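Student: Could you take me closely through the ligand site of this model, and then set that site in the context of the whole chain? I would like one connected account rather than a list.

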Amino acid sequence: MNVADSRRLASALEQIGYKSSKRPQEADVIVLNTCVVRQSAEDKAIGRLSSLRPLKEKNPDLVINLMGCLIGVRGNRKIQERFPWVDVVSPPSNPTPLINYLNERSGKTTLQLKQEKLNAILDGDLILPVEDQNTLVSAYIPIVYGCSHACTYCIIPNKRGIEHSRPYEEILAEAQCLANQGVKEITLLGQIVDRYGMDLPGKPTLAALLRDLHKINDLKRIRFLTSHPNWITDDLLEAVGELPKVCQHIEVPNQSGDDQILQTMRRGYTSAAYRELIQKIRTKIPSVSIATDIIVGFPGETEAQFQNTYRLLKELRMDVAHLARYSPREGTYSARKLANNIPEEEKMRRFRVLESLQETIAGEINTQHMGQSVNVLFEGKSRDRWRGRTKTNKLVFVESQENLRGKECDVTITWTGPWSMVGTLTS
Ligand code: SAM
């Protein structure tokens with residue numbers, strides 16, 4: 001979401017005459033777009049913010065914009081007081097405060113400003129920043145902002161505000177606009193992406209949106225994330241199964257394999273329901289790959305409860321598991337009411353146990369591709385090799401003298417590991 005927000009802001013800045021600079025020391029404007037989902041992300045943002053102070057002292061005209069969840073939709077006075085060298089603050093996904101600030105300093109006429117501002121922040125008409133034009137293969141499109149669920153550990157609803165879907169036509173326009181600029185793959189984003197449209201007139205669905213996006217000629221692939229177990233519909237799974245451009249990859253967080261923990265997290269489903277859902281997804285889309293998120297060390301998580309999560313992961317054999325150690329976030333229910341009583345070393349031990357299990361599972365799943373031909377969309381180069389992904393979101397590297405950027409090619413797999421595969425172009 002932040003990558004998408006930053007790109008929109010970069011585009012808006014270019015519309016009012018700014019160019020990107022490679023080094024912060026050379027910049028007139030620095031934007032720090034922040035995430036606070038876990039304490040480690042917040043610490044990183046604070047560290048970067050502190051490191052900007054000498055630049056501001058050296059160049060008082062430098063404009064520093066602090067954006068994203070460190071500010072949140074409600075603002076953050078404490079942070080502004082602590083970091084007085086920040087000139088402008090912006091909530092997540094909103095380029096307007098910075099554009100207004102820069103425009104006001106520019107001395108341009110009101111009419112010019114009005115037009116420039118309109119051009120800069122027009123939704124649905126995203127002109128890619130120069131460095132992405134004709135090179136960006138895969139782009140994110142936020143379709144649901146905010147979140148109205150109340151998972152007890154999660155700070156996102158607090159920071160990104162209530163759930164609201166972007167208008168249907170605006171998303172189609174943005175996707176078309178990106179395709180016209182050479183983008184081949186789009187990923188639709190939302191905290192609970194399958195709730196798309198529930199707050200819009202006529203309640204358009206994500207499945208309907210996928211069907212319409214599928215008609216955009218120059219787009220080769222469409223992805224979406226993140227799903228919530230309670231909101232994935234049969235209609236959505238059917239759309240994924242039927243539409244060739246929609247990638248067979250579902251990201252559906254589980255968070256815990258223990259029913260008591262799930263209840264305390266207020267996730268709204270049981271581990272049995274989650275198992276059934278995974279079974280259903282695999283029946284409807286046989287070639288699907290599935291990713292999950294898991295939190296270890298939630299308040300009060302006993303060894304037996306952790307073992308329930310271990311067993312669930314072992315049994316369901318996910319393609320990817322994003323693992324996190326519980327991090328109490330100020331203002332959430334769990335931080336206020338539940339003791340963070342699993343020692344950090346124990347959280348780390350549980351994390352490592354799941355990590356090692358997942359490494360084995362992912363390695364075994366990927367081995368099945370050995371010698372097979374898979375279809376890969378290439379996004380760019382990493383060192384000397386081309387980097388791309390299968391529709392099931394597996395990372396594949398290939399050596400080739402040809403320019404493969406933006407091309408979909410068949411690749412014969414010659415090496416597999418848990419996190420990536422290597423292959424040669426199938427002739
Ligand atoms: N909205 C999605 C959901 O939870 O269904 C996922 C988005 S969230 C940005 C990404 C992941 O961060 C979550 O799935 C969860 O595993 C993790 N996360 C969120 N809050 C956390 C916390 N307080 N401590 C540790 N991990 C957390």
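Tutor: Accessible areas here come from the Shrake-Rupley method with a 1.4 Å probe. On that basis the accessible surface of the protein chain, in what is a predicted model, comes to about 20000 Å², and 50% of this surface belongs to carbon and sulfur atoms.

Turning to the ligand site, 16 residues surround the ligand, and the closest of them are Tyr-153, Gln-191, Gln-255, Asp-293 and Ser-327. By character, the residues of this shell divide into seven nonpolar, four polar and five charged. Three polar contacts can be described atom by atom, and two of them involve the protein backbone. A nitrogen atom of the ligand lies 3.0 Å from a polar backbone atom of Tyr-153, while at Ser-327 a polar backbone atom is 2.8 Å from a nitrogen atom of the ligand. With Gln-255 the side chain takes part, since one of its N or O atoms is 2.8 Å from an oxygen atom of the ligand. The protein covers 88% of the 560 Å² of accessible area that the ligand has on its own. As for where the shell comes from, the elements that give two or more residues to it are strand E10 (289-296) and strand E11 (320-325).

Thr-392 is a residue that can be followed in some detail, and it is found in the loop between strand E13 (385-390) and strand E14 (395-398). With a relative accessible area of 16%, Thr-392 is buried, because the cut-off for that class is under 20%. Leaving aside residues up to four places away in sequence, Thr-392 touches Gln-248, His-249, Ser-287 and Ser-289. Of these, Ser-289 falls within the range of strand E10 (289-296), an element that gives two or more residues to the shell around the ligand.

For the wider context, the protein chain has 15 helices and 16 strands. Its radius of gyration is 23 Å, close to the 22 Å that the globule rule gives for 427 residues, so the chain is as compact as a globular protein of that length. Taken along the principal axes, the C-alpha atoms fill a box of roughly 65 × 60 × 50 Å. Of the 427 residues, 51% count as buried. Among the contacts in the protein chain with a separation of 6 or more, residues 24 or more positions apart account for 73%.

Note on methods
Residues are numbered from 1 along each chain as its sequence is written. This is a predicted model: local features need pLDDT of at least 70, side-chain atom pairs count only at pLDDT 80 or more; totals for chains, interfaces and linings use all residues. Side-chain values use heavy atoms; hydrogens and water are left out. A residue is near a molecule or strand if one of its heavy atoms lies within 4 Å of it. A polar contact is a pair of N or O atoms within 3.5 Å; within protein, one must be able to donate a hydrogen and the other to accept it, and residues adjacent in sequence count only if both atoms are side-chain atoms. Helices (H or I, at least four residues) and strands (E, at least two) are DSSP runs, numbered from the N terminus. Ala, Val, Leu, Ile, Met, Phe, Trp, Tyr, Cys and Pro count as nonpolar, Asp, Glu, Lys and Arg as charged, and the others, Gly among them, as polar. The radius of gyration is taken over C-alpha atoms; the globule rule is 2.2 Å times the number of residues to the power 0.38. Buried means under 20% relative accessible area, exposed over 50%, partly exposed in between (1.4 Å probe, protein chains only). Contact means heavy atoms within 4.5 Å.
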